[in-house]
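Colleague: Please take me closely through how the secondary-structure elements of this model are packed and paired, with the residues that make the contacts. I would like the backbone exceptions pointed out along the way.

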Amino acid sequence: MKYVVVTGGGMSGLGKGVTSSSVGVLLQACGLRVTCIKIDPYLNIDAGTMSPFEHGEVFVLQDGGEADLDLGNYERFLDVTLTSDNNITTGKINRTVMEKERRGAYLGKTVQVVPHVTDEIQDWIQRVAHAPVDVCVIELGGTVGDIESCPFVEALAELSYRVGDFCLIHVSHVPVLSAVGEQKTKPTQHSVRTLRSLGLAPNILACRSNSPLEGYAREKLARSCHVSSGNVLSLHDVGKNVWRVPILLRDQKAHEAVLRVLNLDVKEPDLKEWTARAELFDALVEPVRIALVGKYMGLTRINKDAYFSVEKALMHASVALRKKLAVDWVPAEDLEAAWNKLKGADGILVPGGFGDRGVEGKILAAKHARENRIPYLGICLGMQVAVIEFARSVLLDMQDANSTEFDAETKNPCVVFMPEGSRTHMGGTMRLGSRRTYFHHDNHVGCMAARLYGNVSYVDERHRHRYEVNPEMVARFEEAGLWFSGRDESGERMEIVELGEHPFYVGVQFHPEFKSRPGKPSPVFTGGKKNSDLN
């Protein structure tokens, strides 16, 4: 097995996830089979209980694992399906070590960071990175030198000696001070020195900067960091088109640098389709405006990472349909101030979320879309608020309809807590991961949801929710024209809702954004339209 490890120095937010994904794309294009591992040094078991304001979205994996959004980057770029084992956290490692200690697995020895924790990290990595994979790309989250990442750095240093074929890419910032006007290399020099002091030496430097790395800066870094100048890569800004990053790396022969270190000799990378898609993205002119009504934003602060996969899924769909995407970020808490954005949109999307803050704004957005025949897509909570709005506006005796999540005493609970859920423990207790949805035609004429997915009988999508549409009220809704066209295998859990007399009014309990891919957008996001041939 060959390993590529990506670390970061100086500060967070440098784009290690995109760098790792892009290196993986490049190696795939050379004909290699690639998998990815994300190491998150935090003490949480997983990302499931973290605030989207602080940490961004929680990406749900096929097996129900709740992970960092970088796992989504890997899946989208490499078109692979990962599991919770592809995400290592300090919490997971410590839990495993403590369980072994309680079982007496260490034969009475004093349990220590070295060797027990570091051995567990290496064993976990090697368990995930097994055949038929050729290369495992490992991203170490955080910044080298952080106290919480030290056991992982030590484990990776030990692993580099154990396996031999080990390439370390260090991502660091090369800033330009306005008063001086030149690229400064000292931050990178210091972060490499820290890395070396911890037992790891970089083979390749990936230098993040606003503009291409200057020749003098490249030579200075090569000399001071003991890296050949050909292995000092410029990862300058490419704007909104992150699909340009693998091309940027290829043009600098990054694949050759990696393959030399790994002792591999393979064909030149074929990025023909990838390049065509990146160029198409830049050439799009005709706009499509989507109002995204969310609670994890405000008029002064928009946390786009909270809806990272949703935004990417919209981008996949817009490129496939030859439209230039413009997302209007609409804060659900202050819908009045952002009402013009909602009125000017070609479509309205209400994504998932938890808690009652901003819910009334989401309900108003669903109402506006329904009454004005604006295309509407509700995801998870977005489906539930569409049901609540319909009950309040159309079913005349349900003006007080609500979810028990927001009003436990509501007399008309059209959304209720799932019986198998836990009210005392939060982490990993929701309905998570891939579940099957069956399309129900019944006596209705046509089924938009089934058409979206190509008239198949069922579809598998990923879930993350604690509440569901009250099955006792389904008949009443359907009599009034709100049709539940997708249900689980029991027929009792509602998965898809649509409004028959509307151009496009669809709500889904699952999260279709997690399976959307460049070149293979989610059918729910394209509205069932045929993808254009990018070749």
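Modeller: Helices and strands here are runs assigned by DSSP, a helix having at least four residues and a strand at least two, and both are numbered from the N terminus. The model is a predicted one, and a suitable place to begin is the span of residues 2-264, which an unreviewed UniProt entry lists as "domain: CTP synthase N-terminal". That span is 42% helix and 18% strand, and the C-alpha atoms at its two ends lie 9 Å apart.

Two helix pairs deserve a close look, and the first is H5 with H6. Helix H5 (residues 113-128) and helix H6 (residues 150-163) cross at roughly 65°, their axes coming within 9 Å, and the crossing is right-handed. On the H5 side the contact includes Val113, Val114, Val117, Ile121 and Ile125, while among the H6 residues are Pro151, Phe152, Leu156, Leu159 and Val163. Taken together, the residues of this contact divide into eleven nonpolar, three polar and five charged.

H5 also holds a backbone exception. Most peptide bonds are trans, but the bond from Val114 to Pro115 is cis, with omega near 20°, and Pro115 is found in H5. A second exception concerns phi: most residues other than glycine have a negative value, whereas His226, which is not a glycine, has a positive phi of about 60°. His226 is placed in the loop between helix H8 (215-225) and strand E9 (232-236).

Turning to the sheets, nine strands form an open sheet with mixed pairing, in the order E11-E10-E12-E13-E21-E20-E19-E16-E17. Strand E11 (324-331) and strand E17 (458-465) stand at its edges with a single partner strand each, so that one side of each has no neighbour in the sheet. From one strand to the next the twist averages 25°. Within this sheet, strand E12 (residues 347-350) and strand E13 (residues 376-379) pair in the parallel sense over three bridges, with Ile348 standing opposite Tyr376 in E13. Helix H12 (residues 308-320) packs on the sheet, where H12 touches strand E10 (287-294), E11 and E12, and the direction of H12 makes about 150° with that of E11.

The second helix pair is H14 with H15. Helix H14 (residues 359-371) and helix H15 (residues 381-394) pack at an angle of about 70°, their axes 8 Å apart, which means that H14 is roughly perpendicular to H15. H14 passes H15 in a right-handed crossing. Val359, Ile363, Ala366 and Arg370 are among the H14 residues in the contact, and Leu381, Val385, Ile388, Phe390 and Val394 are among those of H15. The residues of this contact divide into nine nonpolar, one polar and six charged.

H15 also leads to another sheet, since H15 lies across E14, E15 and E18 and runs at about 150° to E15. These three strands make an open sheet in the order E14-E15-E18, again with mixed pairing; strand E14 (402-403) and strand E18 (467-469) are the edge strands, each pairing on one side only. Strand E15 (residues 413-417) pairs with E18 in the antiparallel sense over three bridges, and Val415 stands opposite Val469 in E18.

Note on methods. Residues are numbered from 1 along each chain as its sequence is written. This is a predicted model: local features need pLDDT of at least 70, side-chain atom pairs count only at pLDDT 80 or more; totals for chains, interfaces and linings use all residues. Side-chain values use heavy atoms; hydrogens and water are left out. Axes are lines fitted to C-alpha atoms, for helices over the stretch in contact, and angles run from 0 to 180 degrees between N-to-C directions. Angles under 35 degrees count as roughly parallel, over 145 as roughly antiparallel, 65 to 115 as roughly perpendicular and the rest as oblique. A crossing is left-handed if the near helix is turned anticlockwise from the far one by less than a right angle, and right-handed if clockwise. Contact means heavy atoms within 4.5 Å. Ala, Val, Leu, Ile, Met, Phe, Trp, Tyr, Cys and Pro count as nonpolar, Asp, Glu, Lys and Arg as charged, and the others, Gly among them, as polar. UniProt positions are given in the numbering used here, feature names are shortened, and annotations may be inferred rather than shown by experiment. Two strands pair if DSSP finds at least two bridges between them.
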